[in-house]
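I opened this notebook to keep track of what I looked up, going from the whole chain to single residues. The structure comes first, and my entries come after it.

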Amino acid sequence: MDTLSYKTISANKATVKKEWVVVDATDQVLGRMCAKVAKILRGKYKPCYTPHVDCGDNVIIINADKVQLTGKKWTDRVYLNFTGYPGGQRELSPADLMKKGESRLFKRVLKGMLPKNKLGAQLLRNIYIYGGSEHPHAAQTPKTIDINTLK
């Protein structure tokens with residue numbers, strides 16, 4: 001028998017093929033959509049997935065200002081931030097984060113779904129979020145996917 005057929009192939013930076021993907025956030029529930037986007041960023045939909053390598057795709061989210069939240073989460077959900085000073089705990093709602101920019105809310109949600117290490121920080125740089133339907137990444141020839149068809 002050929003023993004080489006039993007070797008596990010581990011992807012590395014040179015062998016990974018990264019693609020560009022466009023996701024439309026219109027009328028999508030924020031958490032459910034971000035869970036699928038986090039799997040795309042991680043590369044878990046690819047057969048060459050390796051846990052310690054950035055083998056995911058670059059994701060462009062358009063129409064981020066049209067995302068939905070269920071229930072009263074726009075006002076009742078609280079994100080806590082601590083400045084490091086006494087009395088420096090700050091509270092923000094998703095509505096407050098959207099006022100500061102759509103990318104802040106999406107990056108806050110996605111950061112919690114990615115690994116808490118250097119790889120997670122590197123993966124977070126592969127996401128591009130825009131409030132409208134236009135994006136400046138046409139040169140990368142991204143493909144549009146329907147996020148609802150992913151599991």
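The entries below move from the overall fold to one strand and then to three residues.

**Entry 1, the whole chain.** I noted at the outset that this is a predicted model. Counting the secondary structure of the protein, I found five helices and six strands, and reading along the sequence I wrote their order down as β-α-β-α-β-β-α-α-α-β-β. For the extent of the protein, I took the box filled by the C-alpha atoms along the principal axes, which is roughly 65 × 40 × 30 Å.

**Entry 2, cover and contacts.** I looked up how much of the protein is buried and found that buried residues make up 38% of its 151 residues. The exposed area of the protein is about 9,700 Å², and carbon and sulfur atoms supply 53% of that area. I then turned to contacts between residues at least 6 apart in sequence, and noted that 69% of them join residues at least 24 apart.

**Entry 3, charges.** I counted 26 positive and 13 negative side chains in the protein, and the centres of these two sets lie 8 Å apart.

**Entry 4, strand E1.** Which strands does E1 pair with? I located E1 at residues 20-24, and four of its five residues are buried, so that I wrote the strand down as mostly covered. One partner is strand E2, residues 58-62, which pairs with E1 in the parallel sense over five bridges; within this pairing, Val 23 stands opposite Ile 61. The other partner I noted is strand E6, residues 143-145, which runs parallel to E1 and is joined to it by three bridges, and here the bridge partner of Val 21 is Lys 143. I also followed the chain from E1 through helix H1, residues 30-42, to E2, and recorded that these elements make a right-handed β-α-β unit.

**Entry 5, Trp 74.** I found Trp 74 in helix H2, which covers residues 73-76. Is Trp 74 buried, partly exposed or exposed? Its relative accessible area is 24%, and because buried requires a value under 20% and exposed a value over 50%, Trp 74 counts as partly exposed. Leaving aside neighbours within four places in sequence, I listed its contacts, among them Val 67, Leu 69, Pro 94, Met 98 and Leu 105. I also checked Trp 74 against Thr 141, which is 67 residues away along the chain, and found their C-alpha atoms separated by 34 Å.

**Entry 6, His 137.** I placed His 137 in the loop between strand E5, residues 127-129, and E6. The relative accessibility of His 137 is 11%, and because this is under 20%, His 137 counts as buried. Apart from neighbours within four places in sequence, His 137 is in contact with Trp 20, Ile 60, Tyr 128, Tyr 130 and Pro 142.

**Entry 7, Lys 151.** Where does Lys 151 lie? I found Lys 151 in the segment after E6. With 81% relative accessibility, Lys 151 counts as exposed, because its value is over 50%. Not counting residues up to four places away in sequence, I still noted that Lys 151 touches Lys 39 and Tyr 45. The last distance I looked up was from Lys 151 to Asn 126, 25 residues apart along the chain, whose C-alpha atoms are separated by 21 Å.

Technical notes:
Residues numbered from 1 in each chain as written. Predicted model: local features only at pLDDT ≥ 70, side-chain atom pairs only at ≥ 80, totals over all residues. Heavy atoms only, no water. Helix = DSSP H or I, 4+ residues; strand = E, 2+ residues; numbered from the N terminus. Buried < 20%, exposed > 50% of the residue type's maximum accessible area, 1.4 Å probe, protein only. Contact = heavy atoms within 4.5 Å. Areas by Shrake-Rupley, 256 points an atom, 1.4 Å probe, with all protein chains shown as cover. Lys, Arg positive; Asp, Glu negative; His and termini not counted. Charge placed at Lys NZ, Arg CZ, Asp CG, Glu CD. Pairing = 2+ DSSP bridges. Right-handed = clockwise from strand over helix to strand, strands pointing away.
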